[in-house]
Amino acid sequence: MKITYCDALIIGGGLAGLRASLAAQKKGLNTIVLSLVPVKRSHSAAAQGGMQASLGNSKMSEGDNEDLHFSDTVKGSDWGCDQEVARMFVHTAPKAIRELAGWGVPWTRVREGSREAVINAKKTTITEDADRHGLIMSRDFGGTKKWRTCYTSDATGHTMLFSVANEALKNEVDIRDRKEAISLIHENERCYGAIVRDLITGELEAYISKATCISTGGYGRIYKQTTNAVICEGMGAAIALETGIATLGNMEAVQFHPTPIVPSGILLTEGCRGDGGILRDVDGHRFMPDYEPEKKELASRDVVSRRMIEHIRNGKGVPSPYGDHIWLDISILGREHIEKNLRDVQEICKIFNGIDPAEEGPKGWVPVLPMQHYSMGGIRTKKTGESQKLSGLFSCGEAACWDMHGFNRLGGNSVSETVVAGMIVGNYFADYCIDNELDIKTSTIDKFLAKEEKNINTILSLDGDESIFKIKDTMQRLMDKKVGIFRDGVHLGEAVVQLEELLKKTKNINVKSKAKAGNPELEEAYRVPKMLKLALCIAKGAQQRTESRGAHYREDFLKRDDKNWLKRTLSSWPNENDTMPTISYEDLDIMKMEMPPAFRGYGAKGMIIENELSTKRQEEVDELREKMEEAGKDRHQIQDAMMNFDLPMNYREKNERMGEK
Amino acid sequence: MSRDITISVLKFNPRDEDSKPEFVEYNLKETPGMTLFIALTKIREEIDADLSFDFVCRAGICGSCGMVVNGVPTLACRTLIENYPDGKLQLIPMPAFELIKDLSVNTGKWMDNMSTKVESWIVSNDEVDITKIEEKMDPDTADAVFELDRCIECGICVASCATALMRPDFVGPAGLNRIARFSIDPRDKRTDDDFYELIGDDNGIFGCMSLLSCEDHCPKHLPLQNKIAYLRRKLVSVK
């Protein structure tokens, strides 16, 4: 039995995991990061457009601050988020970006003087002040009051990931790649590490730690049409679920991005629209202003995606061998802008579709269609990032439901969450490792290891007639079709039944090669049942949630129901042999909210079933604000009185800004 | 009309005593817009479940899928089958890296060693106060740093490089590019003397034979030729 002991174990080496590893390493802990792939290959690298942080440096972001970022995030979430967590996040984001600047991220900087920009399809001149020259620049993204998204051209995730990964190398964090955690070791409701499979040798080993942090990203590959990398199969969330103790939150909250390119599904950043790109239909008509006259192409992602599909359903899609699509037109931004700020986008369009998006007119239009993009749901945690149920298990980044995104995430908030949660959760996680002893018997470790060894042997001995590749493909198509952008009770019900059948079928497969190493089919065979469990949590949660909120849109329940559904869905899998998750709920407390539920600003009014507490709390908040303003209190004091929040390190300190006292 | 195509792969599992390197041919139908990512995934799912290769982003961003296609090191995910008129593609794993199995090589390990050797991070004693306004940086300098920061460490330049094949400790074009990147970053306080200490030998800047295959094949079109030449002239003048 091979056992590796450490203080702090991190599963997943993307931005969130690496930043958390630095928090632990810098507190003197023996820290190990496990990753499926070399960490610089993580899906974080694919984040293109940028990171939200309210620096307020450039002309179009002047006056920005934490309060505006908070309000955008809460509205974006359709009031589904944890507002205290959203506050912790917006308050730390400027610090995260400044830390990254120190670690070498070459953020695009403000340039003094005038430049032309395209706003609402019109050329506009923007003039930057001389005293801002050289500070960090920001661009526009959907659902934000100010231009808040800081960037390095359209390779933001790449430059961030390389800086943080190299910072981890510099600090001698022990990073081990091509290692896959396949189950968590736990006893008496505490997590002690993981059983890990070496993806080169096939060997199983135990990693024992005082606490374990899962940062394995999202579960996009449960869908066929997704922008996610092939490694985004949600294994971290799945092994947490399989403990039978830890819960997953809001799994039905799945985001569909408006502009992946057709047919490959490779993402074209929201920066395309943020910088002024527009959407056109089969007639070349710009249709978004017809649906959303105020925000147009820059409405929240869930709104734009739905409007695109709605428009296609109205017969205005562009026919193609891959089905109908919409055109994205960035040619109006001009070649110079595209070749500087949207270079990867141009490269992707040229290589995969033979289209140069800088070419003027229809020749430069790019086919796009909404596809799965982001998992708002994940391992449900407390504000510290620790599982509500399983002590010593932490989670951060997309893998977690920490819950700053609720039912819809704003563009630019995910890559921001990775590093911010890495800082905040990473520090709480490190403190847990410092405060707790290891007290686990080797016999317990042996039991978990033996169980996984047996599972692999069982899979290799199966002699059925099902193909694991076919089961996976069926699941993915089913999720696209029945648990997609538009949902209803009938299709969700069918999906739940069919997914359960697929899960049962995984016991009747046949893996052709019996090798324990270098056997890709074996890997599919132990991963797909886990993916199916996650898919069931999504479908079942979506079936039971009889309302529309953010990205979860029910055609049979069109209204947001604050009266009955202001709650978070919790899924668990108490018995190994269950074929269906156990669903429960956690109420959101309106009376503690800084921003009580209200109209989000999209579509028709009157689409909310009001909760009477919303008005009550609003009055309370208004009254408090008025009183404190009269007494000459500043925005920080007022905010603190409305909803207090804590942060580790010096993250609670104020963020300095130009033009702010 | 879809074409019949043939993909020939050099298969070998160094961990299996019975395995011998051999080319295995796979015949399949081309689909519109088919890339090597799509083709290899199809082969694994329908013909040979034992075939190993690496993809992550499948969009030319992560640098996982470097391999040698008809003699040319390239990113497989960005390789369109339609660009091969005879419909025949021969795939071998990239040289210079440890072979894991078939088309899968350990570029990650190589790049970590390189990164540690060239200290591929900002070196400075300045403490950044993250509650304060960030230090200003000239926008052109930031753009220039970004230009070189675009390297995705895919290893194609290393697989293309004759020196890298002869000298296992050579930091490669990727490593030299990292030094070039930090040498123009005002936040990095290292001097030319410091950089000389790191790469002032035949495993560094003086190992390059100027064959320039690195720049020919770099999928990110980094200006490797210029940067390496400039760095060499600069470091020759040290000491």
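## Chatting through chain A

User: How many helices and strands does chain A have?

Analyst: Chain A has 17 helices and 26 strands. Keep in mind that this is a predicted model.

User: And is it as compact as a globular protein of that length, or less so?

Analyst: As compact as one. The radius of gyration of chain A is 24 Å, and the globule rule gives 26 Å for 661 residues; those values are close, so chain A is as compact as a globular protein of that length.

User: What box do the C-alpha atoms fill?

Analyst: Roughly 70 × 60 × 50 Å, taken along the principal axes.

User: What share of the residues is buried?

Analyst: Buried residues are 67% of the 661 in chain A. As for the surface, chain A exposes about 21,900 Å², with 48% of that supplied by carbon and sulfur atoms.

User: What about contacts between residues far along the sequence?

Analyst: Take the contacts in chain A between residues at least 6 apart in sequence: 73% of them join residues at least 24 apart.

User: Got an example of two residues like that? Say, how far is Lys122(A) from Leu333(A)?

Analyst: They're 211 residues apart in sequence, but 9.6 Å apart in space, C-alpha to C-alpha. Lys122(A) sits in strand β6, residues 122-128 of chain A.

User: Is Lys122(A) buried or exposed?

Analyst: Exposed. Its relative accessibility is 55%, and the cut-off for exposed is over 50%, so Lys122(A) makes it.

User: Switching to helices. How do α3(A) and α11(A) cross?

Analyst: Helix α3 covers residues 83-102 and helix α11 covers residues 413-435, both in chain A. Their axes come within 9 Å and cross at roughly 95°.

User: What do you call that kind of angle?

Analyst: Angles of 65 to 115 degrees count as roughly perpendicular, so α3(A) and α11(A) are roughly perpendicular to each other.

User: Which residues meet there?

Analyst: From α3(A), they include Met88(A), Phe89(A), Ala93(A) and Leu100(A). On the α11(A) side, Val419(A), Val420(A), Met423(A) and Ile424(A) are among them.

User: How do the residues of that contact divide into nonpolar, polar and charged?

Analyst: The contact of α3(A) with α11(A) has ten nonpolar, three polar and three charged residues.

User: Anything else in α11? Where's Asp431(A)?

Analyst: Asp431(A) lies in helix α11 of chain A. With a relative accessible area of 26%, Asp431(A) is partly exposed.

User: How far is Asp431(A) from Lys27(A)?

Analyst: Along the chain, 404 residues, while their C-alpha atoms are separated by 8.4 Å.

Technical notes:
Residues are numbered from 1 along each chain as its sequence is written. Chains are lettered from A and ligands numbered from 1 in the order in which they are written. This is a predicted model: local features need pLDDT of at least 70, side-chain atom pairs count only at pLDDT 80 or more; totals for chains, interfaces and linings use all residues. Side-chain values use heavy atoms; hydrogens and water are left out. Axes are lines fitted to C-alpha atoms, for helices over the stretch in contact, and angles run from 0 to 180 degrees between N-to-C directions. Helices (H or I, at least four residues) and strands (E, at least two) are DSSP runs, numbered from the N terminus. Angles under 35 degrees count as roughly parallel, over 145 as roughly antiparallel, 65 to 115 as roughly perpendicular and the rest as oblique. Contact means heavy atoms within 4.5 Å. Ala, Val, Leu, Ile, Met, Phe, Trp, Tyr, Cys and Pro count as nonpolar, Asp, Glu, Lys and Arg as charged, and the others, Gly among them, as polar. The radius of gyration is taken over C-alpha atoms; the globule rule is 2.2 Å times the number of residues to the power 0.38. Buried means under 20% relative accessible area, exposed over 50%, partly exposed in between (1.4 Å probe, protein chains only). Accessible areas come from the Shrake-Rupley method with a 1.4 Å probe; for residues, only the protein chains shown count as cover.
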